[in-house]
Amino acid sequence: MFKKSFLSLVLALTSMMSANAQNANECIVDATLNGVPDGTEMVAVLAATHRDEKPLAKGVVKGGKLTLTIPVTGARFIGVGPENGAFTFTLMTKGGEKVQVSLDAKPFKDGVNNGFDTSNLKITSSAMNDEYQAKIGSVKKMLDKMYADYHQHHQAIRDQIAAAWKAKDTLLVKKLKASEEFQSFADEESSFFKTVESSYDKLYTDNKDSWWGPFAMLNTMSYFTKDNKKEWALFSETAKNSFYGQCLNEQINPKSFEGESLPQFELQQEDGSKVSMASCVKGKKYYLVDFWASWCGPCRKEIPNLKKLYELYKGKGLEIVSVSIDQKETAWKKALAEEKLPWPNGLDRAGIADSYKVKFIPAIFLVDGATGKCIAENIRGAELAIKLAELCTK
C-alpha cells in the first residue's frame, strides 16, 4: 500500500515537472477578439526583428475567442494578426506565461494592407509585457499624445491647407503657410521631433547594458543607416550579443555579398509557373539581380537605364533577372504590362529578398556568371553603366 502510494506520488510529481518544463518553452495566449469574424485564421510571428519571419503559431477564431500556443523561451516581442496582413495586436512575452488579451476590432483594407483596427486593448497576466509598457510603451504613449494634441490644436489651418492643395490653389497654399497660425504649427512640429529624438536617445542609453537597448531601437525605428553606428557603440557586449543585439547588428552592420556566391532561387512567373535563376543565367558572362516593385518610383526610373544597358551588352553575355517584391500580384502584372521588361522576371513568393538581405529598393547585384560570385551590390545609374562598360568591353 505504501509502495503504491509512493509510486503514485512520484508519477504525479514527474507529470507536474514535465508540464512545467514544457510551459517554460512556450507562451499561451488566450484572446477575446470582439469584431473579428469566426473562421478568421490568425498567426503569431516574431515582431520588431526587421526580418522576414515565418509564423510561430496559427489559430482560428471561434466564438470570438482565439488560443495560440507560441514556442518561446526568452523574452520575445510577438505580433498577432491575419497571415500577410497587419498585426491586430503585439505583446512582449516569454516562455511560461499564460497571457490574457481582449480587444474590440473593425476590419480594414487600404489597398496595400488588410487586417483589423483595434481599440480597448487589454493585456494581462504577462510580467514581460508589463515591463515593456513601463520601459518603452510609456514613452510611445507620451509621444503619441503630444503628436495628437498639437495636430488637434492646429486642425483648422491644416484643413485649410489640405483644401487648397485639393483645389490646386498654390497661391492660397503659399499664403496660408506664411500665416502666423501655420508658423505656430510648424514650431510645435519641430519641437515634437526634437522631443522624439531626445526621448529615444535616452531610452537607448538607459538600457545600454541589456537586450532592452537593442530591442528599443528595433521597436522604435523603421530603418537603419551607417549613422546608427554611434548608438550601436553605446551598447555593452552583453547587449550586442543578445538575440535582439544580433538582429540590430544585421541592420546597422549588414553583411556584404561582394566576393561571395549569391543564393539561388526560383521565381514565380506571370503565368504562374516557376523558373530557376540558374536556368535564366546559364552561359552568361555577367548578370544583374534586380529587386524592384510596382510602387517604387526610383525602381521604375531605373528601368530605362537597365533597358539601355541590356541592349548594349546582351550580345556580349549580359543578362538581367528582375525580382518583384510586390505583395499585390495585380499591381505587379499591371506594372509589367507598362514596363514590358525584355529579360527574365518574376515575383518573390519564397523570401528571395530576405535571403539577399535587401533593406531597400531598388537593390541591384552584379554577378560574375562563371563563378556565381557577386562583383558589386546596390549599384545603379551611372556607376552601373561605367562598371558594365569596363567588364563587357574587355
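**Figure 1. Cys280 and Cys374, two cysteines outside any disulfide in this predicted model.** The closest cysteine sulfur to that of Cys280 belongs to Cys374 and lies 18 Å away, which is too far for a bond. Cys374 is likewise in no disulfide, the nearest cysteine sulfur being that of Cys392, at 15 Å. Cys280 is buried, because its relative accessible area of 13% falls under 20%. Cys374 also counts as buried, with a relative accessibility of 4%.

**Figure 2. The disulfide between Cys296 and Cys299.** The structure holds one disulfide. The sulfur atoms of Cys296 and Cys299 are 2.3 Å apart. The link is right-handed, with 80° about the S-S bond. Cys296 and Cys299 are both buried.

**Figure 3. The second largest pocket and its lining.** This pocket encloses about 440 Å³ of space. Its lining comprises 17 residues; Thr90, Leu121, Tyr132, Gln133 and Gly137 lie nearest the centre. At least two lining residues come from each of strand E6 (89–93), strand E8 (114–124) and helix H2 (127–153). The most is given by H2, which supplies seven residues. By character, the lining divides into six nonpolar, seven polar and four charged residues.

**Figure 4. Confidence of the model and the stretch 14–22.** The average pLDDT of the protein is 90, and 93% of the residues score at least 70. Over residues 14–22, by contrast, the pLDDT is below 50. Beyond near neighbours in sequence, the stretch 14–22 has zero contacts in the model.

Definitions and conventions: Residues are numbered from 1 along each chain as its sequence is written. This is a predicted model: local features need pLDDT of at least 70, side-chain atom pairs count only at pLDDT 80 or more; totals for chains, interfaces and linings use all residues. Side-chain values use heavy atoms; hydrogens and water are left out. On a 1 Å grid over the protein atoms alone, a cavity is a set of points where a 1.4 Å probe fits but cannot get out, and a pocket is an open set with protein on both sides within 12 Å along at least five of seven lines; lining residues have an atom within 4 Å of a point. Grid points are joined across faces, edges and corners, and a volume is the space filled by probe spheres set on the points. Helices (H or I, at least four residues) and strands (E, at least two) are DSSP runs, numbered from the N terminus. Ala, Val, Leu, Ile, Met, Phe, Trp, Tyr, Cys and Pro count as nonpolar, Asp, Glu, Lys and Arg as charged, and the others, Gly among them, as polar. pLDDT is the predictor's confidence in each residue, from 0 to 100. Contact means heavy atoms within 4.5 Å. A disulfide is a pair of cysteine sulfur atoms within 2.5 Å. Buried means under 20% relative accessible area, exposed over 50%, partly exposed in between (1.4 Å probe, protein chains only).
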